[in-house]
Amino acid sequence: CRMVVPTGHHVYLRTTIEGVEVTRPYTPVAEMEGDCGYVPGRSFLLLVKIYPEGTMTQYLSRLEKGSKLEVSDPDGTFRENVLDDTVNLCLVGAGTGFTPMAKLIRKMFAPRDSKGVGDRLKSVKLICANKTVKDMLWKDRLSRMEASARGSLEVRHILSAASEEWAGLRGRVSRELMEELFPPPSADGVYVFSS
């Protein structure tokens, strides 16, 4: 049995918790050799934020090795070929809505031997919106990716309930913010994803 979850697609996790069937969608964030025991076609990685009142996330946080969980076939409509002519890729991810962006960013900056998705891509700009620093997902990994991308990846974090110590952007994602941080639409291909 092989399972490959295409970029931009998700799976549904389903289980019974206290007699009630619970189903939630999750987007795999990365599928690269060396990631937490990833085996191509046999596993995928999920980035799950554990919510105190989250029925499924609390269940997932208590899973033990050997536990069983039903996973659906991949679902989604995104096709990577929409990025074939994209020069500037602009992404907006709020909270856990960032997870579809994570796999796309990893894929765009992964080494490749032949012509692939986003070959014309010159820059990726990502706005990550959260309430607090504690809510920021993948912050350290994104910082490392940004540093290794040599100027072709720019990540900006905006917090709606920032502490006094926060020196970054504050507030919510707005049209004005996107106009300030993103290049204007053009024939060169600007593609904006929002989640």
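## Cysteines

C90 is buried in this predicted model. Its relative accessibility is 1%. C128 is buried too, with a relative accessible area of 3%. Both fall under the 20% limit, so both count as buried.

How many disulfides does a search of the whole structure find? The count is 0. A disulfide is a covalent bond between the sulfur atoms of two cysteines. No such pair turns up here.

## Strands β6 and β7

β6 spans residues 88-94. Of its 7 residues, 6 are buried, so the strand is largely enclosed by the rest of the structure.

β6 pairs with β7. The sense is parallel, and the pairing runs over 7 bridges. β7 covers residues 123-130. Within it, L126 stands opposite L91.

## The largest nonpolar core

In soluble globular proteins, nonpolar side chains tend to be buried together. In this model the largest nonpolar core holds 22 residues. Which of its residues touch the most other members? They are L91, F98, I105, L126 and L142. L91 and L126 are also the residues that stand opposite each other, L126 being in β7.

Several elements give two or more residues to this core: β6 (88-94), α2 (99-109), β7 (123-130), α3 (139-148) and β8 (153-159). The largest share comes from α2, with 5 residues. Another core lies apart from this one. That second core has 11 residues, including V5, V11, Y26 and Y59.

## Helix α2

α2 is mostly covered. Of its 11 residues, 8 are buried. Which ones? The buried set is T99, M101, A102, K103, L104, I105, R106 and M108. I105 is also among the residues that touch the most other members of the largest core. The buried set further includes K103 and R106.

## T7 and its surroundings

T7 lies in the segment before β1, a strand that spans 11-17. Is T7 buried or exposed? T7 has a relative accessible area of 4%, under the 20% limit, so it is buried.

The side chain of T7 makes a polar contact with the side chain of E80, at 2.9 Å. Leaving aside residues up to four places away in sequence, T7 touches F78, E80, K103, L104 and K107. Two of these, K103 and L104, are among the buried residues of α2. E80 thus appears both as a contact of T7 and as its polar partner.

Terms used. Residues numbered from 1 in each chain as written. Predicted model: local features only at pLDDT ≥ 70, side-chain atom pairs only at ≥ 80, totals over all residues. Heavy atoms only, no water. Helix = DSSP H or I, 4+ residues; strand = E, 2+ residues; numbered from the N terminus. Buried < 20%, exposed > 50% of the residue type's maximum accessible area, 1.4 Å probe, protein only. Polar contact = N/O pair within 3.5 Å; in protein donor to acceptor, adjacent residues only side chain to side chain. Contact = heavy atoms within 4.5 Å. Core = buried A, V, L, I, M, F, W, Y, C linked by side-chain atoms within 4.5 Å. Disulfide = S-S within 2.5 Å. Pairing = 2+ DSSP bridges.
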